[in-house]
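The exercises below ask you to reason from burial, packing and backbone geometry. Try each task with the structure open before reading the solution that follows it.

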Amino acid sequence: MASLVLTVIGDDRSGLVDALSGVVSRHGGNWDRSHMARLAGKFAGIVVIDVADACADDLIADLAPLESQGLLEITVERAADDEPADDGVCLALQLIGHDRPGIVHEISHALATRGVSIEELETETMSAPMAGEQLFEATAVLRAPSGLALDELRAVLEDLANELMVDIDLTPDR
């Protein structure tokens with residue numbers, strides 16, 4: 001069985017997922033996992049497809065018409081057969097505060113320098129109730145190395161939260 005990771009982007013319109021899933025279905029593929037969203041007028045996403053090894057190349061070739069018709073730009077990568085062990089501690093991070101440039105960089109840098117991996121990240125900006133100012137909200141699933149002291153990580157993130165003037169909550173996940 002082959003696992004394919006597809007990244008897709010195109011002008012948002014109805015029928016994009018239908019066109020993509022139709023190709024997958026015609027080749028007996030299984031839509032395993034995806035994250036898709038409308039962002040700034042574009043439809044963007046990432047999808048993991050499982051398909052029989054014998055059908056993978058044909059499935060990939062049949063995605064080309066979606067590009068030539070201008071529906072989606074698609075990149076396909078074959079997933080590694082040997083995924084790394086799922087070790088470490090899974091954490092959930094919630095962040096909310098006034099929007100300003102650099103929040104994602106500051107947080108991701110603090111995590112990366114401590115060997116913490118970001119497995120999932122969702123962000124959005126929204127209007128603050130009654131104030132009209134822009135708020136920034138982030139939700140992340142993190143994987144921390146087993147040897148990392150979580151109290152130390154919390155302290156670093158709390159210091160950073162004070163500097164950025166945001167609220168950060170870090171809790172064990174799953």
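A residue counts as exposed when its relative accessible area is over 50%, and as buried when that area is under 20%. The model examined here is a predicted one.

**Exercise 1.** Determine which residues of helix H2 (residues 53-68) are buried, and establish how they are arranged when seen down the axis of H2.

*Solution.* Begin with the burial cut-off, which selects Ala56, Leu59, Leu63 and Leu66 as the buried residues of H2. Looking next down the helix axis, one finds that these buried residues fall within an arc of 70°, and therefore they line one face of the helix. Then turn to the other side of H2, where Ala54, Asp57 and Ser68 are exposed. Finally, ask what the buried residues pack against: their partners are strand S1 (2-11), helix H1 (16-26), S3 and strand S4 (73-78). Following the chain just past the end of H2, one meets Gly70, which takes a positive phi of about 75°.

**Exercise 2.** Describe how H1 and H2 are placed relative to one another, giving the distance and the angle between their axes, and then list residues that meet.

*Solution.* Two packed helices are described by the angle between their axes together with the distance between those axes. For H1 and H2, the axes come within 9 Å and cross at roughly 155°. Since angles over 145 degrees count as roughly antiparallel, H1 is roughly antiparallel to H2. The crossing in which H1 passes H2 is right-handed. At the level of residues, Ala19, Leu20, Val23 and Val24 of H1 meet Leu59, Asp62, Leu63 and Leu66 of H2. Sorted by class, this contact of H1 with H2 comprises 7 nonpolar residues, no polar ones and 1 charged one.

**Exercise 3.** For Ala40 and Met165, state the sign of phi, locate each residue in the chain, and decide whether each is buried or exposed.

*Solution.* Taking Ala40 to begin with, its phi is positive, at about 50°, although the residue is not a glycine. Ala40 lies in the loop that runs between strand S2 (30-39) and strand S3 (42-51), and its relative accessible area of 83% makes it exposed. Applying the same steps to Met165, one finds a positive phi of about 60°, again in a residue that is not a glycine. Met165 is placed in the loop between helix H4 (150-164) and strand S8 (166-172), and because its relative accessibility is 64%, Met165 counts as exposed.

Definitions and conventions
Residues numbered from 1 in each chain as written. Predicted model: local features only at pLDDT ≥ 70, side-chain atom pairs only at ≥ 80, totals over all residues. Heavy atoms only, no water. Helix = DSSP H or I, 4+ residues; strand = E, 2+ residues; numbered from the N terminus. Buried < 20%, exposed > 50% of the residue type's maximum accessible area, 1.4 Å probe, protein only. Arc of directions from axis to C-beta. Contact = heavy atoms within 4.5 Å. Axes fitted to C-alpha atoms, helices over the stretch in contact; angles between N-to-C directions. Parallel < 35°, antiparallel > 145°, perpendicular 65-115°, else oblique. Left-handed = near helix turned anticlockwise from the far one by under 90°. Nonpolar A, V, L, I, M, F, W, Y, C, P; charged D, E, K, R; others polar.
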